[in-house]
Amino acid sequence: MAETLRMVVAVIGNVASVSLYAAPTVTFKRVIRKKSTEEFSCMPYIIALLNCLLFTWYGLPVVSNKWENLPLVTVNGVGILFELSYVLIYIWFSTPKGKVKVAMTAVPVLIVFCVIAIVSAFVFPDHRHRKLLVGSIGLGVSIAMYGSPLVVMKKVIQTKSVEFMPLPLSFCSFLASVLWLTYGLLIRDIFVAGPSLIGTPLGILQLVLHCKYWKRRVMEEPNKVELQKGNNTEKLDLEMGHGKECVTVPSNCN
């Protein structure tokens, strides 16, 4: 029964986490369409890539005991594909200066991961010490990842608008944190549950902000529609006026 519960929680957690990994595709569709990275930063995706690499390595039999952490390998393996794709797209459409900046960040990050992997595999003789090393570093990187939601929440509070914090994304973030916290507690692994000890309260705070400011957004939407209609009407009147001038001017010339 306990094993079944762990698997159910892990599978649902995988689905919720993959939805989070897929969320930035909207941003990168815009980057591809405009052929420019604009003001977007690549740093969150590089940190997320390192996080996925670390926890994939943590879940493999080299660090963990056999396949006890297989769900970590599957979800973070998918995360590696997503985050690596985002970084490569960013590099492709970035300016030459931007390419250098990303390379100067990404290359050291990959070197750090390789060093951690080599040290954990060949220096430490048992799974316990390997998990302690990789898990501790992974926990620190996961905490760093939560800097991004904090920036967004600050913007929501300042603007009193949830426009830049979509509800589906906030809900998936909260759900994934709760599920991985539950899974970590079930398998009694602090390094799996640890990041969600921070992620769950932040997820709750995001939902609270939605509850507080969603009415303001609903009230603002009709105003935006009316303003857009007014602009379209003004534009149409202006175009019709120009059309009349074009028709009358030649007749006057004649």
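**Entry 1: valine 15.** I looked up valine 15 and found a relative accessibility of 56%, so I recorded this residue as exposed. The model I am reading is a predicted one. Valine 15 is part of helix H1, which covers residues 2–22. I then noted that Val15, together with Met7 and Val11, makes a nonpolar surface patch of about 270 Å².

**Entry 2: serine 177.** I turned next to serine 177, which sits in helix H8 (residues 167–186). Its relative accessibility is 6%; because buried means under 20%, I entered serine 177 as buried. Leaving aside residues up to four places away in sequence, I listed Tyr146, Ser196, Gly199 and Thr200 as residues that serine 177 touches.

**Entry 3: the largest pocket.** I looked up the volume of the largest pocket and wrote down about 1,900 Å³. Its lining consists of 49 residues. Nearest the centre of this pocket I found Leu20, Pro24, Ser148, Pro149 and Leu169. Which helix gives the largest share of the lining? I noted that H8 does, with eight residues. Several helices supply at least two lining residues each, among them H1, helix H2 (25–34), helix H7 (147–159) and helix H9 (190–253).

**Entry 4: salt bridges around glutamate 38.** My count of salt bridges in the model is five. I examined glutamate 38 and found a salt bridge with arginine 30, where the closest N and O atoms are 3.0 Å apart. Glutamate 38 also pairs with lysine 34, the closest N and O atoms there being 3.4 Å apart. I looked up the accessibility of each partner. Glutamate 38 has 32% and counts as partly exposed. Arginine 30, at 34%, is partly exposed, and lysine 34, with a relative accessible area of 44%, is likewise partly exposed.

**Entry 5: lysine 131 and glutamate 68.** I recorded a further salt bridge between lysine 131 and glutamate 68, with the closest N and O atoms 3.1 Å apart. Why does this pair tie together parts that are 63 residues apart in sequence? I found that lysine 131 lies in helix H6 whereas glutamate 68 lies in the loop between H3 and H4, so the salt bridge links those two parts. Lysine 131 has 18% relative accessibility and counts as buried, while glutamate 68 is partly exposed at 37%.

**Entry 6: the network.** I returned to the salt bridges that share partners and noted that they join Arg30, Lys34 and Glu38 into one network.

Conventions: Residues are numbered from 1 along each chain as its sequence is written. This is a predicted model: local features need pLDDT of at least 70, side-chain atom pairs count only at pLDDT 80 or more; totals for chains, interfaces and linings use all residues. Side-chain values use heavy atoms; hydrogens and water are left out. Helices (H or I, at least four residues) and strands (E, at least two) are DSSP runs, numbered from the N terminus. Buried means under 20% relative accessible area, exposed over 50%, partly exposed in between (1.4 Å probe, protein chains only). Contact means heavy atoms within 4.5 Å. Patches are made of residues with over 30% relative accessible area and no salt bridge: like charges are joined within 9 Å, nonpolar side chains (Val, Leu, Ile, Met, Phe, Trp, Tyr) within 5 Å. Accessible areas come from the Shrake-Rupley method with a 1.4 Å probe; for residues, only the protein chains shown count as cover. A salt bridge is a side-chain nitrogen of Lys or Arg within 4 Å of a carboxyl oxygen of Asp or Glu. On a 1 Å grid over the protein atoms alone, a cavity is a set of points where a 1.4 Å probe fits but cannot get out, and a pocket is an open set with protein on both sides within 12 Å along at least five of seven lines; lining residues have an atom within 4 Å of a point. Grid points are joined across faces, edges and corners, and a volume is the space filled by probe spheres set on the points.
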